[in-house]
Structures are given as C-alpha cells and as structure tokens.
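Visitor: I'd like a walk through this one, with a bit of reasoning behind each answer. Shall we pull it up?

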Amino acid sequence: MTARTSAIAAFLQETQWSDATKTPLAGDASARRYIRLQRPSGQKAILMDAPKENSEDIRPFLRIAQFLTAYGFSAPEIWQASEDAGLIVMEDLGDDLFVKVMADGTADQLSLYQAAVDVLLELQALAPPADLAVMDHKTLAEMTEPAFTWYCDTPAKGIDEAFASFVGALQHLLETYLPEPSVLVLRDFHAENLLWLPDRDGSARVGLLDFQDALIGHPAYDLVSMLQDARRDVPEDIEHATKAYFQHKAHSDPESFDAGFHLLGLQRNLRILGIFARLCKQAGKPHYVDFIPRVHAHVIRNLAHPALQDIAKALRSVLPEPTPKFLQSLKDQCATHPKP
C-alpha cells in the first residue's frame, strides 16, 4: 500500500464511505484523480484526489462549489473534505455529460447549449465571490505565452520578439472591443464539463464540473470556451444560433460582441495550442497533440475577422501549420519521464 493509498483510506475511515468500492474515472489535464465510490446500499459519491505534493490545492474548488450550490446551481455538493490531505468526497452527478447525450441523441444540441447559456447569464447577474483574480486585458494578452514557448518552433530570440510585439497589439484590440472584466468566469466551460440533469428545474438542469480556476473575466469568455471546443466540432449552425441566443438575451451590441467573441477565441485557442504542446513535451501526454489541428483551425477562423487583420499576418508568420510532419515532431519530443 502506497502512502497516498494509506492517506485515502485514513480519510475515508472518518466518513461513511469507508466500506465503498472504488472505480477510477477518466481524468483531465491536471494531476487530480477522480474515483467513484459506491456503498453496499448503492449510494454513490465522487472522491477527488488532489495531492499537495503535485501542486494541487482544493480550496479554490471548495470555494466555488459552495458559491454555486448556494445559488441553486448544480455543482457537486461537498460532503467531506480535507484541505491538508487534498481529498474531497462530493455528490456524484452521474455520467450524462453533454458530449455523451449529444452523441447518443438523447438530447438536442441547440437546446443543451441554450440551457448552458441560461446558466452563464444567471451567473453573470450575480456579484462574483470576493477576492478572485481578475483576467483583465493585459492578463488575457499575456496568457497567450504558452503558444510561443511550447508550440512555435522559431528560435528563442525571434519568439521573444514576436511575443512581445503580439502581446502589445492584442492588448490594444482587447481594450478597444471588450468591456472591463466584471463577471464570474468558470473557464473550462465545455461539453465534457457540463452534465445534463433533466429531472431538475431551470438552470439546475446543467451540472457544472471543473471550475476551480474560476476568476473575474469577460461575459463572452465561457461562451467561447463552449462553442470553440478543443475536443469536439460544434456544428456551424449550432454555434451561430447559440451566439445569437446569448447576444439577444444579454442585449449586446452586435458589432462589438462579434469582434470581442473572435478576440477571445483567438486568445483562448492560442493558449490551448501551447498548453497541449506542453502536455506532450513536458508531461508525457501525446494524445493532446491529436486535438491541435482543431484548435489551430479555431485560431485561423478567428484571425479572419476584420478587427484582427492587423495582427493576423504577423501571427501567421510564426505559428506553424499543424501538418502531419509537424505533429509527429511534437510527439517525438514527448517526455518519456514527465517533468514536475
């Protein structure tokens, strides 16, 4: 028995879940693990295992979960937690992720996305939790750094110069077209982190997962996260209809909203390009390279917006095309022994 297994057993021994069977669930890009617990009675829960030695901190997750459930949103209820051990026993919201129910046809895609928009708009009507970090225009621009550090293959000096120039230009555009950050942004708001709970009412029908990185940001950020999904193709008609639904209900100015949407799409997808390349090169997770062509296509589509024409040429000159040869070169650099 490893030290971590012993720590989990000791934690569960202090709860009603000591007799539960344990079934590992699919993880994400972090060092967290998720385990389904099931007692002999059939009662289920989810165990989050987020050890501090892996630089994990469960306090942000606990804080945002408690904020969301206090207002009636369907984040998992927290049943037991140990901040020191990095362990949480929480409500099991089931397996009906948006991506699953869309694939099996048990729910209509547009209806699901519109239900998610309703959640976003209700969240944005609330005063966000105090003291959250703010994703302002400067921060947004600087957050694209992983694309230049991990994805681009230009020599370091050229990349440093390209990044410095790009950040200034992007920040100027963000300041021109986006309002100041003011709303709670969950950040990883997409079909693999949203659950369909049709037996609940209103916004509670949408289950929320993976929100520990929440901060104060811009109203369209989570909408972009959902519609420019790195892991699945969102049909163009569904994207347009969902954007129009959000814009109508939020009473947004069409021109500035559209420019802001594509600017946030560029920013987010550039960052994801870099993170996916890093997860391969540094963390030994080559399967993330398989998502890169889709993410790169999002970048190119966003660059086609007229508001972005001044930075499009410069960015394309340093951003490699995800050709089969280039993607294989990334996989060839995959860490055999992941670095901490």
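Visitor: How many bridges join β1 to strand β2?

Guide: Keep in mind that we're looking at a predicted model. Strand β2 covers residues 33–38, and β1 and β2 run antiparallel. One of the bridge partnerships puts Thr-21 opposite Gln-38 in β2. The number of bridges joining β1 to β2 is four.

Visitor: Which are the edge strands of the sheet?

Guide: The sheet is open, has five strands with antiparallel pairing, and goes in the order β1-β2-β3-β5-β4. An edge strand here pairs on one side only. That description fits β1 (21–24) and β4 (78–82).

Visitor: By how much are neighbouring strands of this sheet turned against each other on average?

Guide: Direction is ignored for this value, and it is an average over neighbouring strands. The turn comes out at 20°.

Visitor: What angle does the direction of helix α1 make with that of β5?

Guide: Helix α1 spans residues 3–13 and packs on the sheet. It touches β1, β2, β3 (44–49), β4 and β5 (87–90). Against the direction of β5, helix α1 makes an angle of about 45°.

Visitor: And α2, at what angle does it run to β4?

Guide: Helix α2 lies across β3, β4 and β5. Its angle to β4 is about 160°.

Visitor: On to the rings: is the pair of Phe-61 and Phe-211 stacked or edge-to-face?

Guide: A search of the whole structure finds twelve aromatic pairs, and Phe-61 with Phe-211 is one of them, at 4.6 Å centre to centre. Their planes are 15° apart, and planes under 30 degrees apart count as stacked. So the pair is stacked.

Visitor: How many residues apart in sequence are the parts this pair ties together?

Guide: Phe-61 lies in helix α2 (residues 59–70), while Phe-211 is in the loop between β8 (206–208) and β9 (215–217). Both Phe-61 and Phe-211 are buried. The parts tied together are 150 residues apart in sequence.

Visitor: Phe-67 and Tyr-71 form a pair too, so which of the two is buried?

Guide: Their pair is tilted, with 5.1 Å centre to centre and 55° between the planes. Tyr-71 has a relative accessible area of 48%, so it's partly exposed. At 14% relative accessibility, the buried one is Phe-67.

Visitor: Which ring does the charged end of Lys-243 sit over?

Guide: Another ring, that of Phe-291, has Arg-231 over its face, at 5.8 Å from the ring centre. The charged end of Lys-243 is 4.3 Å from the centre of its ring, and that ring belongs to Phe-261.

Conventions: Residues are numbered from 1 along each chain as its sequence is written. This is a predicted model: local features need pLDDT of at least 70, side-chain atom pairs count only at pLDDT 80 or more; totals for chains, interfaces and linings use all residues. Side-chain values use heavy atoms; hydrogens and water are left out. Rings of Phe, Tyr and Trp (its six-membered ring) pair if their centres lie within 6.5 Å; planes under 30 degrees apart count as stacked, over 60 as edge-to-face and the rest as tilted. Helices (H or I, at least four residues) and strands (E, at least two) are DSSP runs, numbered from the N terminus. Buried means under 20% relative accessible area, exposed over 50%, partly exposed in between (1.4 Å probe, protein chains only). A charge sits over a ring if NZ of Lys or CZ of Arg is within 6 Å of the ring centre and within 35 degrees of the ring normal. Two strands pair if DSSP finds at least two bridges between them. Axes are lines fitted to C-alpha atoms, for helices over the stretch in contact, and angles run from 0 to 180 degrees between N-to-C directions. Contact means heavy atoms within 4.5 Å.
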